[in-house]
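Ready for some practice in reading a protein model? Grab a pencil and take a look at what's shown here.

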Amino acid sequence: MTTQRIVLPHKKFRGWGLRLLILAVYLYVGVLVLAPITALVNGALQNGLPSFLAALNTPEFWQSFSLSLQIALGVVVIQAILGSITAWVIVRHSFRGKALFNAVIDVPFAISPVVVGYMLLLVFGRNGMLNPVLSALDFQVAFALPGIFLATLFVSLPFMVREMIPVIQNLDRAQELAASTLGASRWTTFWRVIFPGLRTALLYGVALTMARAMGEFGAVLVIGGGVQGRTATTTMYIFHALEERQYVEAYTAAIVLGLGSVLIVSLADLLRHRTQH
Amino acid sequence: MKAVLPRSRRKERSPELGLRTASFTFILVMVLIPLAVIIQDGFKEGLAEFWRQVSLPVAAHAIYLTLWTSALMTIINATMGLLTAFIMVRYSFPGKGILNAIIDLPLAIPTLVTGVMLVILYGPQQALGQFLGQELGFQVIFAPPGIVLALLFITFPFVVRTIQPVLLELDRQQEHAAATLGAGRLTIFRRIIFPALALPTFSGSLLSFARAVGEFGAVVIVAGNIPFKSQTAAVYVLGAVESENRLAASAISIVLIAISLAVILFTNHLLGRRRGA
């Protein structure tokens, strides 16, 4: 970042007014963000460390966690490929209805997850549009893994595309032109000239998609139904544990899930800052 | 530096066409077909039946509650987001780096986990919740204040992160000139800084509103499912899906989709499609 800083001569602004404003922001962030996080840690440890560790050691939790991880990894691979292609098409191609196409990308960001799950149910469910085809093939989507996978794919769609668009816009096209003038094939140009410029954004998009996919709940609840074990993701595990008043189990799983997501995103953030400077 | 290639040279060659086909198919299958199916389903019994479902007292109240809690959140978020972004960009104070990291936390934390955290902090069995509820008569959990808090937590980064880059690039010479001409701090903020920040503040707020209207994971935990009191539109849709009330589920889903789409299209229009084309 190169921002030109002009120091105003008599505006040091170190009075009480500024201190009050900063205090207000600290209070706001403290009450809004930090207090709930502290409460969660406190809640998980309410019966002491041993019961926290016991909750961490249940096979149901690890089953649900590994299922969430597998789904998220699959979703990330698809988004990394198709999301990047979509970003590329939006930036580099011109076609009619592009503005609308661009707006459609944001739809999953704003549509309620419950509605997402319900839409998929209308397409793939028992009374759904595709039901005749699916039952003929004996392929179950709703209340099964494919449904959960599709729901997660839907809600995480905008992240990769939105991360890639500004980076593709800033690519230096003269370099691509130079490469092809020097006889490089399209494939070589992509790997040697285009891809290196996209790598960091790709990594960050992967992290955001991953965090979003691991944490999806509403859509998965509706389409997955949540049969314990087979289709229970980590969020469903937390929801069921809460309903059964197994609070320490629920809070412990919530800590692992929250910490995992924060770690993934922070790691990508760190990498991004390192490559920028 | 951008090199503009002559358009005529870019006759669509087959690999590019393949990319476009892949991305169109992806968006069509993932977003447009489910949208079309749900809209067709909601209006299947005609406009009168759609309207009857939406105007049922329970449904209408759920929509009303969703809208006013989201609107209240948006106002608070816009004010505090603007203040936070402003002091973060313009001043240095102890703990600024940590504050900057904390602002991103809600982006990574799954919304279900957010709900769990708020229930632990403000729940009726907890010390703070008990104090607020019994001493002050202010119920947070299973009531609208909890919904507003959850929405504030989730959308906090949106406004801050939209304003920050604009504020960084703001030309400070104008402020300097105004100060030289004898303008006070308040006048400078009102006449120079605020007009430049009005658009990003507004668009960031709209984005958080669109996101809030559909929010489910945090709200279902914090607000529960009490009709006429704490049942939001998304939670109402879940109930309708579970009781196989297809007409109600489709109708309210369409209302939610319409609100989100309208807000997103309006925001894109305001920003002059800067993000895409």
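Below are three exercises with worked solutions. We're dealing with a predicted model, where local features need pLDDT of at least 70, side-chain atom pairs count only at pLDDT 80 or more, and totals for chains, interfaces and linings use all residues. Residues are numbered from 1 along each chain as its sequence is written, while chains are lettered from A and ligands numbered from 1 in the order in which they are written.

**Exercise 1.** Work out how chain A is built and how spread out it is.

Step 1: count the elements. Chain A has 13 helices and 0 strands (DSSP runs: H or I, at least four residues, for helices; E, at least two, for strands; numbered from the N terminus).

Step 2: check the spread. For 277 residues the globule rule (2.2 Å times the number of residues to the power 0.38) gives 19 Å. The radius of gyration, taken over C-alpha atoms, is 23 Å, well over that, so chain A is more spread out than a compact globule.

**Exercise 2.** Describe the contact between chains A and B.

Step 1: count both sides. Chain A gives 77 residues and chain B gives 72 (contact means C-beta atoms, placed from the backbone, within 7 Å).

Step 2: find the main contributor on chain A's side. Helix 1 (residues 16-44) of chain A supplies the largest share, 16 residues.

**Exercise 3.** Find which residues touch the most other members of the largest nonpolar core.

Step 1: know the term. A nonpolar core is a set of buried Ala, Val, Leu, Ile, Met, Phe, Trp, Tyr and Cys residues joined through C-beta atoms within 7 Å; buried means 20 or more other C-beta atoms within 10 Å of a residue's own.

Step 2: pick them out. Among 154 residues, they're B:Val116, B:Val237 and B:Ile252.

Step 3: see who contributes. Helix 7 (residues 144-169) of chain B brings the largest share of this core, 13 residues.

Notes. Buried ≥ 20, exposed ≤ 12 C-beta atoms within 10 Å, placed from the backbone. Contact = placed C-beta atoms within 7 Å.
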